[in-house]
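Subject: Structure handover

Hello,

Here is the structure for your files. My notes on what was found follow below it.

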Amino acid sequence: MRAMNTEDIENKWSRLDLNLNKLDDKDRKTMDALKLNNLKSAQQRLADTYRRFSIVAILLVPTLILGQLRFLDWKLLLGFAVYFLIASGMDFYLYRGIKGLDLNEMGVDAVAEKARHYKKVHHCCQIVLISMCVPLLAGMFMSQTEEYFRWGMLCGLVIGVAIGLSLYIKMMRNYKDMIK
């Protein structure tokens with residue numbers, strides 16, 4: 001084994017330093033790619049959720065009217081039809097907005113800003129829809145004299161709130177992934 005002089009050590013050190021820098025660049029590029037993929041998947045999950053909500057809400061209009069025509073007053077049915085049309089429109093707006101974010105052209109900061117905007121819009125839509133839904137459900141509850149119908153409504157309310165909170169938490173996680 002031969003002894004290394006200071007020049008050999010410096011050369012070897014420089015080569016190692018150069019290799020480490022190349023690895024750092026590769027790691028940085030890999031991390032950026034992973035972050036972009038995570039953003040894309042969060043964006044895709046949000047867009048898919050809004051699209052499903054929009055389709056379901058629009059399908060509920062004729063289903064509700066035809067299914068409940070003999071049980072509910074026409075004013076309540078009209079109120080629910082308007083409610084589901086508005087809900088479908090709001091979800092479609094959010095779907096188009098989230099789907100329209102181009103992660104490759106906008107950059108991470110611009111996408112995060114737009115995601116914050118759509119998150120605020122989401123919360124505003126929730127406030128509008130909840131404020132519409134409470135009087136409609138109260139009117140539906142009060143219009144029914146059948147005890148089993150009322151118990152069914154209460155059970156549906158509990159199950160609906162549980163499912164809604166679960167979906168809300170998942171959607172907020174997707175927004176968090178897009179914002180960070």
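In which helix is the place of lysine 176? Lysine 176 sits in helix 5. This is a predicted model, so please read everything below as computed from that prediction. Lysine 176 is exposed, because its relative accessible area of 56% is over the 50% cut-off. From lysine 176 to arginine 116 the sequence separation is 60 residues, while the C-alpha to C-alpha distance is 9.0 Å.

Overall fold

The protein has five helices and zero strands. Along the sequence the pattern reads α-α-α-α-α. There are 180 residues, and 27% of them count as buried.

Salt bridges

Searching the whole structure gives three salt bridges.

- Arginine 45 and aspartate 177: the closest N and O atoms are 3.6 Å apart. Arginine 45 belongs to helix 1 (residues 6-68) and aspartate 177 to helix 5 (residues 147-179), so this pair ties together parts that are 132 residues apart in sequence. Arginine 45 is partly exposed at 36% relative accessibility, whereas aspartate 177 is buried at 18%. The buried label applies to aspartate 177 because 18% is under the 20% cut-off.

- Aspartate 48 and arginine 51: the closest N and O atoms are 3.7 Å apart. Both residues lie in helix 1, three residues apart, which is about one turn of the helix. Aspartate 48 has a relative accessible area of 22% and is partly exposed. Arginine 51 is also partly exposed, at 34%.

- Glutamate 113 and arginine 116: here the closest N and O atoms are 3.1 Å apart. The two are three residues apart in helix 4 (residues 108-143), so about one helical turn separates them. Arginine 116, the residue mentioned above with lysine 176, counts as partly exposed at 36% relative accessibility.

Largest pocket

The volume of the largest pocket is about 1600 Å³. Helix 1, helix 2 (74-99), helix 4 and helix 5 are the elements that each give two or more residues to its lining. The lining comprises 39 residues, and those nearest the centre of the pocket are Tyr83, Cys133, Gly160, Val161 and Gly164. Which helix gives the largest share of the lining? That is helix 5, with 15 residues. Sorted by class, the lining has 32 nonpolar residues, six polar residues and one charged residue.

Surface patch

A nonpolar patch on the surface is formed by Trp151, Leu154, Leu157, Val161 and Leu165. Together they have about 480 Å² of accessible area. Val161 therefore appears twice in these notes, as a member of this patch and among the lining residues nearest the centre of the largest pocket. Leucine 154, another member of the patch, lies in helix 5. Its relative accessible area is 36%, and leucine 154 is accordingly partly exposed.

Helix 5 in brief

Several of the items above meet in helix 5. Aspartate 177 is the helix 5 partner of arginine 45, and lysine 176 has its place there as well. Leucine 154 of the patch is also in helix 5, and helix 5 supplies 15 residues to the lining of the largest pocket.

Regards

Notes:
Residues are numbered from 1 along each chain as its sequence is written. This is a predicted model: local features need pLDDT of at least 70, side-chain atom pairs count only at pLDDT 80 or more; totals for chains, interfaces and linings use all residues. Side-chain values use heavy atoms; hydrogens and water are left out. A salt bridge is a side-chain nitrogen of Lys or Arg within 4 Å of a carboxyl oxygen of Asp or Glu. Helices (H or I, at least four residues) and strands (E, at least two) are DSSP runs, numbered from the N terminus. Buried means under 20% relative accessible area, exposed over 50%, partly exposed in between (1.4 Å probe, protein chains only). On a 1 Å grid over the protein atoms alone, a cavity is a set of points where a 1.4 Å probe fits but cannot get out, and a pocket is an open set with protein on both sides within 12 Å along at least five of seven lines; lining residues have an atom within 4 Å of a point. Grid points are joined across faces, edges and corners, and a volume is the space filled by probe spheres set on the points. Ala, Val, Leu, Ile, Met, Phe, Trp, Tyr, Cys and Pro count as nonpolar, Asp, Glu, Lys and Arg as charged, and the others, Gly among them, as polar. Patches are made of residues with over 30% relative accessible area and no salt bridge: like charges are joined within 9 Å, nonpolar side chains (Val, Leu, Ile, Met, Phe, Trp, Tyr) within 5 Å. Accessible areas come from the Shrake-Rupley method with a 1.4 Å probe; for residues, only the protein chains shown count as cover.
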